[in-house]
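Here's a quick briefing to read alongside the sequence and the model. It starts with the cysteines, then moves to the ligand, and ends with some backbone oddities.

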Amino acid sequence: MKTEKNMKILAIESSCDETAAAVVENGRNVLSSVVVSQIDEHKLYGGVVPEIASRRHVEAITGVVDEALNQSGLALSDIDALAVTYAPGLIGALLVGINFAKGLSYATGLPLIPVHHLRSHIAANYITNPSLRPPFLCLVVSGGHSHIVYVEDYTKMKIIGKTRDDAAGEAFDKVARVIGMPYPGGVNLDKKAELGNDSAYTMPRPKVADSPYDFSFSGLKTAALNLIHNAEQRGETVSVEDLSASYRRAVIGCLTDNFIKAAKDLNCSKLVIAGGVSANTLLRRELTRICAECGYELYMPELKYCGDNGAMVGAQAYYEYLNGNTAGLELNAAATMSIEG
Ligand code: KG4
Ligand code: ZN
């Protein structure tokens, strides 16, 4: 692995519904981070509309990158490399960031570093926890993915378990939508759950046969939706707080059960969480409790780095660069790509 002193990376993220850019030094020190969210517009449709996302990225990206440079106090000539999320994500959305980064690379001659979106979510932890170094076991939970990943080194990862159907964030968002919460419902459901009784409604705790580390959330989601519809048909009211609390407890229980089992089986006592769902209050509280009991180290990203942002891209990009992972101007987007590379 090469080493670089004071390497400043300008990073761009546009994989879904946030246009983001940041300047990050040596993978850990955030000099600026700008995130422009499109959520208010997608809310009207109850979810992300890919074409609208692409168009909003096109409109926002120049201003966002400019602002990230301004806030860092640096000029483009002070930047050492460019980084961009290239997979996985919405193709049209990713292409906006990629093409912008390629244009900048072409004009400046700066190296271009392609970054995997889920790897960057993991790297958000390097910003918040400066002493964190691999190896560790990571629970990566976002709107599109739910993985247990063994991070052997910064760019060497192995999937230990994953969801067979819905991602945890998706499972939260779908139930939240049916109980009348605006998109993305996960955070709102989390807030209501804090006020409810988590044993008011019985929820299944699905397991995947023969795969102790894999998740399955679609049956759990359907059980919650059936409960709501059956109550409606009988003219009964469902307590939003109690249902949110009972459902959240079941989803988070599946995540923590498998994650802790994997940690025990792999004899790994350094645990990390990442992705939008790592902002969940119960997930953070439960893992803090369990890790204290088991004597495990637990690392979590600061709330502002749990969701999509450019700083996490700049953090992972540093380690990708040190590992020799740069791209030419033929770089393209991919809707799906394994975190293992
Ligand atoms: O990582 P992320 O920002 O985007 C993707 O890469 O998918 O994750 C977004 C997901 C959404 O499903 C959102 O509802 C969920 O993270 N989320 C939460 C919370 N905050 C965001 N889910 C549960 N509890 C939260 N506090
Ligand atoms: Zn994400």
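Searching the whole structure turns up 0 disulfides. Cys16 is a case in point: it is in no disulfide, and the nearest cysteine sulfur, that of Cys306, sits 16 Å away. Keep in mind that this is a predicted model.

**Cysteines**

- As background, a disulfide is a covalent bond that links the sulfur atoms of two cysteines.
- Why is Cys254 without such a bond? The closest cysteine sulfur, in Cys291, is 18 Å from the sulfur of Cys254, so the two are too far apart for a bond.
- To put that in context, the sulfurs of a disulfide have to be within 2.5 Å.
- Cys254 is buried, at 5% relative accessibility.
- Cys16, on the other hand, counts as partly exposed because its relative accessibility is 23%.

**Ligand 1**

- Where does ligand 1 sit? Its place is the largest pocket.
- There are 19 residues around ligand 1, and the ones that come nearest are His121, Gly143, Asp173, Gly276 and Asn280.
- Three helices each supply at least two residues of the shell around the ligand: α4 (117-128), α5 (168-178) and α6 (186-193).
- Asp173 uses its side chain: a polar atom there lies 2.6 Å from an oxygen atom of ligand 1.
- With Gly276 it's the backbone, where a polar atom is 3.0 Å from an oxygen atom of ligand 1.
- Asn280 brings an N or O atom of its side chain to 2.9 Å from a nitrogen atom of ligand 1.
- How much of ligand 1 does the protein cover? On its own the ligand has 560 Å² of accessible area, and the protein covers 86% of that.

**Helix α7 and a long span**

- Gln233 belongs to helix α7, which runs over residues 218-233.
- Is Gln233 buried or exposed? Gln233 is exposed, because its relative accessible area is 68%, and the cut-off for exposed is over 50%.
- Cys291 comes up again here: its C-alpha atom is 43 Å from that of Gln233, with the two positions 58 residues apart along the chain.

**Cis peptide bonds**

- Most peptide bonds are trans, and most residues other than glycine have a negative phi, so exceptions to either are worth a look.
- Which residues does the cis bond with omega of about -15° join? That one links Ala87 and Pro88.
- Pro88 is placed in the loop between β4 (81-87) and α3 (91-108).
- Going from Pro134 to Pro135, the peptide bond is also cis, and omega is near 5°.
- Pro135 falls in the loop that connects α4 with β6 (136-141).

**Positive phi outside glycine**

- Asn26 has a positive phi, near 50°, although the residue is not a glycine.
- You'll find Asn26 in the loop between β2 (18-25) and β3 (29-37).
- Asn26 counts as partly exposed, with a relative accessibility of 22%.
- Asn267 also has a positive phi, near 60°, and again the residue is something other than glycine.
- The loop between α8 (240-266) and β9 (270-274) is home to Asn267.
- Is Asn267 buried or exposed? A relative accessible area of 72% makes Asn267 exposed.

How values were computed:
Residues numbered from 1 in each chain as written. Chains lettered and ligands numbered in written order. Predicted model: local features only at pLDDT ≥ 70, side-chain atom pairs only at ≥ 80, totals over all residues. Heavy atoms only, no water. Buried < 20%, exposed > 50% of the residue type's maximum accessible area, 1.4 Å probe, protein only. Near = heavy atom within 4 Å. Polar contact = N/O pair within 3.5 Å; in protein donor to acceptor, adjacent residues only side chain to side chain. Areas by Shrake-Rupley, 256 points an atom, 1.4 Å probe, with all protein chains shown as cover. 1 Å grid on protein atoms, 1.4 Å probe; cavity = no way out; pocket = protein on both sides within 12 Å on 5 of 7 lines; lining within 4 Å. Sits in = over half its atoms within 2 Å of the grid points. Helix = DSSP H or I, 4+ residues; strand = E, 2+ residues; numbered from the N terminus.
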